[in-house]
Amino acid sequence: CIRDSTQLMRAGKKVAVVTSRKDDIDLIYQEFGSREIFVLFGDLVSVEPLEKVNIRQSLGVFLNNGSDTEKLILLLNLKRTYPECDYIVTLDNRDLRETFLTAGVTFVLSKNEISAKLVSSYIFEPEVAEYASDLISSVEGSEEEFDIQQYRVISGNPCIGMTYDALFEKLKKEYNILLLGLSRKEESSGEYRTY
């Protein structure tokens with residue numbers, strides 16, 4: 001939990017943690033201080049603590065509360081009350097990926113799968129592994145220092161409705177930016193499709 005929060009804060013995001021373990025509170029504040037992160041003790045299935053951390057306005061809800069089974073139970077309970085939120089989860093068992101996607105998780109990451117791919121790359125493709133490691137690690141400082149940035153295209157943006165190719169060309173020509181991907185939420189399924 002602490003490592004994940006560090007990455008978010010370095011990206012300039014406000015972080016709130018709801019924990020059901022009192023011991024976590026002092027540990028988290030000791031690591032970050034009270035200005036960097038907000039920690040709240042409470043029952044994870046109760047609405048009250050989640051409303052206090054403005055869950056409805058969050059960019060994403062990261063579930064990191066124990067075993068994969070505990071995460072799935074929490075997800076199902078949260079989706080019932082907060083269906084509009086985007087949920088992110090890391091799994092120990094990658095075979096449960098489809099189960100979590102079906103249950104409504106927006107993004108699923110498998111700890112072992114990511115680690116295995118990086119280890120393989122370091123053995124067989126060290127340059128690729130170093131580049132991948134650089135891409136997924138954060139830097140100290142402002143958001144402008146990141147190699148890769150993600151933006152949400154909101155209403156009124158001139159890029160709405162553009163194809164990947166057209167947007168790639170526009171960004172390269174006007175800003176010397178390389179577009180790595182474009183993701184759209186499908187109206188029919190509610191799932192994200194990447195181009």
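This is a guided walk through the structure, from the overall layout down to single residues.

A few ground rules will help you along: residues are numbered from 1 along each chain as its sequence is written, and side-chain values use heavy atoms, with hydrogens and water left out. The model is predicted, so local features need pLDDT of at least 70 and side-chain atom pairs count only at pLDDT 80 or more, while totals for chains, interfaces and linings use all residues.

Let's begin with the whole chain. The protein chain contains eight helices and seven strands, where helices (H or I, at least four residues) and strands (E, at least two) are DSSP runs numbered from the N terminus. It has 195 residues, and 26% of them count as buried. Here buried means under 20% relative accessible area, exposed means over 50%, and partly exposed lies in between, using a 1.4 Å probe and protein chains only. Among contacts in the protein chain with a separation of 6 or more, 38% come from residues 24 or more positions apart; a contact means heavy atoms within 4.5 Å.

Now to the strands. Strand β1 (residues 15–19) runs parallel to strand β2 (residues 37–41), and five bridges join them; two strands pair if DSSP finds at least two bridges between them. One place to see this is V15, whose bridge partner in β2 is I37. To get from β1 to β2, the chain passes through helix α2 (residues 22–32), and this β-α-β crossover is right-handed. That label applies if, with the strands pointing away from the viewer, the path from the first strand over the helix to the second runs clockwise. Look also at K22 and F41: the charged end of K22 sits over the ring of F41, 5.2 Å from its centre. A charge sits over a ring if NZ of Lys or CZ of Arg is within 6 Å of the ring centre and within 35 degrees of the ring normal.

Further along, three strands form an open sheet with parallel pairing, in the order β3-β4-β5. Its edge strands, each pairing on one side only, are β3 (61–63) and β5 (107–110). From one strand to the next the twist averages 20°. Three bridges join the parallel strands β3 and β4, and in β4 the bridge partner of F62 is I88. Helix α4 (residues 68–81) packs on the sheet, where it touches β3 and β4, and its direction makes about 170° with that of β4. For these angles, axes are lines fitted to C-alpha atoms, for helices over the stretch in contact, and the values run from 0 to 180 degrees between N-to-C directions.

T90 offers a view from inside strand β4 (residues 87–91). T90 counts as buried because its relative accessibility is 12%. Setting aside neighbours within four places in sequence, T90 is in contact with F62, L63, N64, D68, K71, L109 and K111. For a contrast, turn to E98 in helix α5 (residues 97–103): with a relative accessibility of 53%, E98 counts as exposed. The C-alpha atoms of E98 and V108 are separated by 9.0 Å, and the two residues are ten apart along the chain.

Next come the aromatic rings. A pair of aromatic rings is described by the distance of the centres and the angle of the planes. A search of the whole structure finds one aromatic pair. It is the tilted pair of Y164 and F168, at 6.0 Å centre to centre with 35° between the planes. Rings of Phe, Tyr and Trp (its six-membered ring) pair if their centres lie within 6.5 Å; planes under 30 degrees apart count as stacked, over 60 as edge-to-face and the rest as tilted. Both Y164 and F168 lie in helix α8 (residues 164–175), four residues apart, about one turn of the helix. Y164 is partly exposed at 24% relative accessible area, and F168 is partly exposed at 30%.

Two asparagines deserve a look at their backbone. N54, in the loop between α3 (47–52) and β3, has a positive phi of about 55° although it is not a glycine. N176, in the loop between α8 and β6 (183–185), has a positive phi near 55°. With 45% relative accessibility N54 counts as partly exposed, whereas N176 counts as exposed at 57%.

Our last stop is S183, in strand β6. S183 is partly exposed, with a relative accessible area of 41%. Apart from neighbours within four places in sequence, S183 is in contact with Y192, R193 and T194. The C-alpha atoms of S183 and T194 are 4.2 Å apart, although eleven residues separate their positions along the chain.
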